[in-house]
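Hello,

Here is the structure we talked about handing over. Please open it first, then read my notes on the ligand, the pockets and the cavity.

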Amino acid sequence: MEALTTNWGVMNLERSQGTGPALVFVNSLGTDLRMWDDVISRLPHDWATLRMDKRGHGLSSTAPEGYTIPDLANDVIAAMDHAGIERAIIVGCSIGGLIAQHIALIAPARVVSLVLSNTSSVLGTAEAWQDRIDAIRANGMADMADKILPRWFGPDFLARPEATLWRTMLAHCDVDGYTATCDAIAGTDITERMQDITQPALVIGGAYDLATPPNVVRALAEILPASDLIIFETTGHLPAVEAPEAFTAALTGFVERTQS
Ligand SMILES: O=C(O)CC1=CCC(=O)O1
């Protein structure tokens, strides 16, 4: 764990050094950097990794509301600067994938390639996000966590005791941090700019994903100029948690194929 002081508060980072490829991991809404634990522990030991808790998530400070996805992309770039990582493979899940796409647009020289897990160029509708924000303000995160868990996980993982741990992570999320992040997602649609992302991309989906279903993920792969697509048959929205072996195999295969 490492603390990076920013103009909005302190960002929690974790990194490992290595002489191999550098990978930067960006997590989803309501999760913290632990979502990548079971992937990072399976990577070749000489690969360098960096991950962080977004504003209002995990051990990072909660920033005043009103920030955007480009602000969150600049937070990742600041973390890369701090870690001395000039170029990296950016691996993002859901909002993390949206942030990764923004990094490719605003700082293309920093991006070797993209791994876009369970994401799109636009996530949900502004109305649905406002409904979620209103519901959380009225009933709290624990109530929302019960509704979100079946969106996160396929039936196999939902039946396992570990699913409860992920519900707890979500239920403990800071309300202001979580809702400000929902608001940032609600204001974002970069579909028109996707042709400008020319780096190789691996797009990953899950057959049981209710948040970004396979048709949404497939459409993202089709719109990106250079992409491969994998749909996992047993997972939902968080395959890095549900099926870390398969996720890591797909990730390492892609990195080895596209490394330049
Ligand atoms: O919480 C959900 O419904 C799933 C999700 C949407 C954006 C994100 O990062 O996770």
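Start at the ligand. In this predicted model, an N or O atom in the side chain of His237 is 3.4 Å from an oxygen atom of the ligand. Arg151 also makes a polar contact: a polar atom of its side chain lies 2.8 Å from a ligand oxygen. Ile95 uses its backbone instead, with an N or O atom 3.0 Å from an oxygen of the ligand. On its own, the ligand has 290 Å² of accessible area, and the protein covers 98% of that.

The residues around the ligand include those three, His237, Arg151 and Ile95. Ser28, Leu29, Ser94, Trp129, Arg132, Ile148, Trp152, Ile185 and Ala211 are there too.

How far can you trust the coordinates? The average pLDDT of the protein is 97. A score of at least 70 is reached by 100% of the residues. For the complex, the predictor gives an ipTM of 0.98 and a pTM of 0.98.

Next, the pockets. The largest pocket holds about 320 Å³ of space. It is lined by 21 residues, and Leu29, Trp129, Arg132, Arg151 and Ala211 are the closest to its centre. Those five names also appear in the list of residues around the ligand. Which helix gives the largest share of this lining? H4 does, with 5 residues. Helix H4 spans 126–139. Helix H5 (141–152) and helix H8 (175–186) each supply at least two residues as well. By class, the lining has 12 nonpolar, 6 polar and 3 charged residues.

The second largest pocket has a volume of about 270 Å³. Its lining counts 14 residues. Nearest its centre are Arg34, Glu162, Leu165, Trp166 and Val241. Helix H1 (37–40), helix H7 (162–171) and helix H10 (239–242) each give two or more residues to the lining. H7 has the largest share, 4 residues. This lining divides into 8 nonpolar, no polar and 6 charged residues.

Last, the cavity. How many cavities of 30 Å³ or more are there? The count comes to 1. Its volume is about 30 Å³. Met11, Met52, Lys54, Leu72, Asp75 and Val76 line it. Helix H2, residues 69–83, gives the most to this lining, with 3 residues. The classes here are 4 nonpolar, no polar and 2 charged.

For a first look, go to His237, Arg151 and Ile95 around the ligand. Then turn to the two pockets and the cavity.

Best wishes

Definitions and conventions. Residues are numbered from 1 along each chain as its sequence is written. This is a predicted model: local features need pLDDT of at least 70, side-chain atom pairs count only at pLDDT 80 or more; totals for chains, interfaces and linings use all residues. Side-chain values use heavy atoms; hydrogens and water are left out. pLDDT is the predictor's confidence in each residue, from 0 to 100. On a 1 Å grid over the protein atoms alone, a cavity is a set of points where a 1.4 Å probe fits but cannot get out, and a pocket is an open set with protein on both sides within 12 Å along at least five of seven lines; lining residues have an atom within 4 Å of a point. Grid points are joined across faces, edges and corners, and a volume is the space filled by probe spheres set on the points. Ala, Val, Leu, Ile, Met, Phe, Trp, Tyr, Cys and Pro count as nonpolar, Asp, Glu, Lys and Arg as charged, and the others, Gly among them, as polar. A residue is near a molecule or strand if one of its heavy atoms lies within 4 Å of it. A polar contact is a pair of N or O atoms within 3.5 Å; within protein, one must be able to donate a hydrogen and the other to accept it, and residues adjacent in sequence count only if both atoms are side-chain atoms. Accessible areas come from the Shrake-Rupley method with a 1.4 Å probe; for residues, only the protein chains shown count as cover.
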